[in-house]
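Reader: I'm new to reading protein models, and I'd like to go through this one with you. Could you show it to me first?

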Amino acid sequence: MKDIISSSNVDQVFQRRRHQINAFEFNKEVANVFDDMVSRSVPFYDEIHRLITDYANYFTHHDKENLIYDLGCSTGTTIGILDHHMKRNQKRCRFVGIDNSRPMIDKASEKLNSTQVDNIKLMCAKIEQITLESNIDMLIMNYTLQFIDEINRLSILNNIYDSLRPGGVFILSEKINTNDSTFHQLMTDLYYDYKRRQGYSELEISQKREALENVLTPLTPNQQMNLLKKAGFKRVEQAFRWYNFTSYIALK
């Protein structure tokens, strides 16, 4: 798993003081260091992938080719881990990875080719505008919905629900918000403590926070679960939470 996640480039995107902080975007500079950035910025990133492979054991089959989508696939880490896991368990899969960043798709193509992932289609497209196939067995959206305009989120979730097969599973991981200002500040402070432990400086933390303002818009767990239910999912549960990060599992 580490070989698939690892990157030779260390995240130094916000290490130098900037006179003007532009809105965060998944450009070539970020794509080149993304594996390091996400593994140091998202708590329990490895464990989330272990949870996903555990879910794959239950919601995929030996007697058919399984269709797995990753919306916001970034550099292809999740697909690479799942491909390795499924082959080890002698399950056949077809993967579709979609991301709206061309540099991310290029990195994913390079990584997945090097790890010999076959039967995969990578697309550079906006998730709001794509047409999903039908009868998807498993659909994953890791830390992606939070970057999409709130007014488009329900239609995306409707699209996901309609495209899953009956009994199919949707895994959603997100940064979250809280309505309580005291807890919000506490969670934020604890998260920045975590980032300091990962080697990020005060300058890096503050500049990235400013760059993400109005770009990343988290919801509260109640808001997110209600949105999933409104999209059609009757069975929704928080499967993992660490301070202001959580993962949901939703079944059709």
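Author: Sure, and let's start with helix α8 (202–212). What covers its buried residues includes α2 and α7 (181–197). Contact here means heavy atoms within 4.5 Å, and helices (H or I, at least four residues) and strands (E, at least two) are DSSP runs, numbered from the N terminus.

Reader: Before we go on, what kind of model is this?

Author: Residues are numbered from 1 along each chain as its sequence is written, and side-chain values use heavy atoms, with hydrogens and water left out. Local features need pLDDT of at least 70, side-chain atom pairs count only at pLDDT 80 or more, and totals for chains, interfaces and linings use all residues, since this is a predicted model.

Reader: Okay, back to that helix: which residues in α8 are buried?

Author: Buried means under 20% relative accessible area, exposed over 50%, and partly exposed in between (1.4 Å probe, protein chains only). By that cut-off, the buried ones in α8 are L203, E204, I205, Q207, K208, A211 and L212.

Reader: And which residue with a positive phi follows α8?

Author: Most residues other than glycine have a negative phi. The one you're after sits in the loop between α8 and α9 (221–230), and its phi is about 70° although it is not a glycine. The residue that follows α8 is N214.

Reader: Is N214 buried or exposed?

Author: Go by the cut-offs from before. N214 has 72% relative accessibility, so it counts as exposed.

Reader: Where is Y143, the other residue with a positive phi that I should look at?

Author: Phi of Y143 is near 55°, and Y143 is not a glycine. Its relative accessible area is 12%, so Y143 is buried. Its place is in the loop between β4 (136–142) and α6 (150–163).

Reader: Which residues does V42 touch, not counting those up to four places away in sequence?

Author: V42 is found in the loop between α2 (28–41) and α3. With 8% relative accessibility, it counts as buried. Leaving out those sequence neighbours, V42 touches Y143, Y194 and F245.

Reader: How far apart in space are V42 and N66?

Author: Along the sequence they are 24 residues apart. From C-alpha to C-alpha, the separation in space is 28 Å.

Reader: How far apart in space are F44 and R241, then?

Author: F44 is in the loop between α2 and α3, and 45% relative accessibility makes it partly exposed. It touches F240 and W242, not counting residues up to four places away in sequence. F44 and R241 are 197 residues apart in sequence, yet their C-alpha separation is 9.6 Å.

Reader: What about Q223 and T178, what separates their C-alpha atoms?

Author: Q223 lies in helix α9 and counts as partly exposed at 42% relative accessibility. Along the chain, Q223 and T178 are 45 residues apart, and their C-alpha atoms are separated by 9.9 Å.

Reader: Let's go inside. Which residues touch the most other members of the largest nonpolar core?

Author: A nonpolar core is a set of buried Ala, Val, Leu, Ile, Met, Phe, Trp, Tyr and Cys residues joined through side-chain atoms within 4.5 Å. The largest one here has 47 residues, and those touching the most other members are I68, M138 and I171.

Reader: Which helix gives the largest share of this core?

Author: That share is seven residues. They come from helix α3 (residues 45–59).

Reader: What is M138 in contact with, leaving aside its neighbours within four places in sequence?

Author: Look around M138 in the picture and skip those neighbours. Its contacts are I52, Y55, A56, L67, I68, Y69, L164, V169 and I171.

Reader: How many residues are in the other core?

Author: That core lies apart from the largest one, and its members include F170, M225, Y248 and A250. Its size is 31 residues.

Reader: Last one: what is the radius of gyration of the whole protein?

Author: The protein has nine helices and seven strands. The radius is taken over C-alpha atoms, and the globule rule is 2.2 Å times the number of residues to the power 0.38. For 252 residues that rule gives 18 Å, and the protein's own value is close to it, so the protein is as compact as a globular protein of that length, with a radius of gyration of 18 Å.
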